[in-house]
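Me: Could you take a close look at the salt bridges in this model, and then show me how the parts around them fit together? I'm new to this, so please take it one step at a time.

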Amino acid sequence: DWTPEHFVDAMVTALQDTIGETDQVILGLSGGVDSSVAALLLHRAIGPRLHGIFVDNGLLRKDEYEGVLEAYKVLGLNVRGVDASQEFYAALAGLTDPEQKRKAIGRTFIEVFDREAQKVEGARWLAQGTIYPDVIESVSVKGPAVTIKSHHNVGGLPEKMNLKIVEPLRALFKDEVREVGDALGLPHNILHRHPFPGPGLGIRILGDITPEKVAILQRADAIFIDSLKAHGLYEKVWQAGVMLLPVQSVGVMGDERTYEQVVALRAVTSVDGMTADWAHLPYDFLAEVSNKIINQVRGINRVVYDISSKPPATIEWE
Ligand code: XMP
């Protein structure tokens, strides 16, 4: 019978046999379930010879980088955080086309990851959090960068550094990965995290990306996500986030006329992300989120709710 405990025991032994007693292993961590569970398995098998690399691309959710890095430290993982935000912003400057933005983010990720990986002496293996659905299908297609998740997308590194690939979750479905993560002590907030795209907020800021826009979107997004959690709605939706639109609209504040940004809230129910329905969130809840965002986030004076299903409307707006 398959149980997460049996899987962990068998996989830890298999990893020890495969990797041996001296090789070092590199793994890109994203804060998501898959890479985190892969890291915990490898950590149990080879301890600090697993070298995790967690890149801050400047497009993560508010406080995500610090929070996830801290969670990894608490779990005892040997992880290096790399704040490369400025490199990503520089690569993205002036780009407005969604595919060009994805490519710039992917390319910069590879450059940063490459550089960090080469600092690991004696590295022989590249571990990846690939799970069974990644093996059999390529998720949604919006261009070449989409079919390969960015943390899997390590360019020519395996050849360049002569690394062998190890993928301990290759045979597992998502729910099995969660069970294994639970058995390994992965905290609830990482275990039940919504999917989050590799290009992050970069494809939720329509048009060009600036650090100022990222800061505004992070604040609005945090209000939405925190409110979903506070109302017990977070785990009822499959994915949620805020889109910063390249639109300004007129508002009034006291006697003043304002001309500020519009954001769209997006929340969907889905099984696998291939099709999705807009989440029928309560009006009172939406009213509360809208008020909070408009009152607390300077630069936003209008909030709209996306009531489009996929197909044809994709979950992300870019
Ligand atoms: P769409 O927007 O195509 O998204 O309905 C379906 C799922 O895929 C995620 N997504 C991405 N994930 N790189 C990723 O790693 C990407 O470029 C990308 N684009 C979309 C999206 O967040 C949703 O979960």
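Reply: Let's begin with a count: there are 15 salt bridges in this structure. Keep in mind as you look around that the model is predicted.

A handy place to start is helix H5, which covers residues 98–117. Find Glu99 and Arg102, whose side chains meet in a salt bridge with 3.2 Å from N to O. Both of these residues belong to H5, and they are three residues apart, which is about one turn of the helix. Are they buried or exposed? Glu99 and Arg102 are both buried.

Now slide along to Asp114, which makes a salt bridge with Lys160; here the closest N and O atoms are 2.7 Å apart. Asp114 lies in H5 while Lys160 lies in helix H8 (residues 157–160), so this pair ties together parts that are 46 residues apart in sequence. The two partners have contrasting surroundings. Asp114 has a relative accessibility of 9%, and the cut-off for buried is under 20%, so Asp114 counts as buried. Lys160, on the other hand, has a relative accessible area of 56% and is exposed. Salt bridges can also be chained up: Arg80, Glu116 and Lys119 are joined into one network by salt bridges that share partners.

Next, pick out Thr108, which is in H5 too. Thr108 has a relative accessible area of 4%, so it is buried. What does Thr108 touch, once you leave aside its neighbours within four places in sequence? The residues in contact with Thr108 are Glu87, Phe88 and Ala91.

Those contacts lead us to helix H4 (residues 85–92), whose axis comes within 9 Å of the axis of H5, the two crossing at roughly 145 degrees. That crossing is right-handed. On the H4 side, the contact is made by Glu87, Phe88, Ala91 and Leu92. On the H5 side you'll find Lys101, Ala104, Ile105, Thr108, Phe109, Val112 and Arg115. Sorted by class, the contact between H4 and H5 has seven nonpolar residues, one polar and three charged.

Time to step over to the sheet. Five strands make it up, in the order S3-S2-S1-S4-S5; the sheet is open and the pairing is parallel. The edge strands are S3 (79–83) and S5, each of which pairs on one side only. From one strand to the next, the twist averages 30 degrees.

Strand S4 (residues 123–127) is worth a pause. Four of its five residues are buried, so S4 is largely enclosed by the rest of the structure. On one side, S4 is joined by four bridges to strand S1 (residues 24–29), and the two run parallel. One partnership to look for is Leu27 with Ala127 in S4. S4 is also joined to strand S5 (residues 164–166), this time by three bridges, and again the strands run parallel. There, Leu126 faces Ile165 of S5, and Trp125 faces Lys164 of S5.

What lies across S1, S2 and S3? Helix H3 (residues 64–74) does, and it runs at about 165 degrees to S3.

Just ahead of that helix comes another salt bridge: Arg61 pairs with Asp221, with their closest N and O atoms 2.8 Å apart. This pair links distant parts of the chain, as Arg61 sits in the loop between S2 and H3 while Asp221 sits in helix H11 (residues 211–230), 160 residues apart. Both partners, Arg61 and Asp221, are buried.

One more helix pair to finish. Helices H1 (residues 4–19) and H2 (residues 33–46) pack at an angle of about 60 degrees, and their axes are 9 Å apart. Their crossing is right-handed. H1 brings Phe7, Val8, Met11, Val12, Leu15, Gln16 and Ile19 to the contact, and H2 brings Leu41, Leu42, Arg44, Ala45 and Ile46. By class, that contact of H1 with H2 divides into 10 nonpolar residues, one polar and one charged.

Key: Residues numbered from 1 in each chain as written. Predicted model: local features only at pLDDT ≥ 70, side-chain atom pairs only at ≥ 80, totals over all residues. Heavy atoms only, no water. Axes fitted to C-alpha atoms, helices over the stretch in contact; angles between N-to-C directions. Left-handed = near helix turned anticlockwise from the far one by under 90°. Contact = heavy atoms within 4.5 Å. Nonpolar A, V, L, I, M, F, W, Y, C, P; charged D, E, K, R; others polar. Buried < 20%, exposed > 50% of the residue type's maximum accessible area, 1.4 Å probe, protein only. Pairing = 2+ DSSP bridges. Salt bridge = Lys/Arg side-chain N within 4 Å of Asp/Glu carboxyl O.
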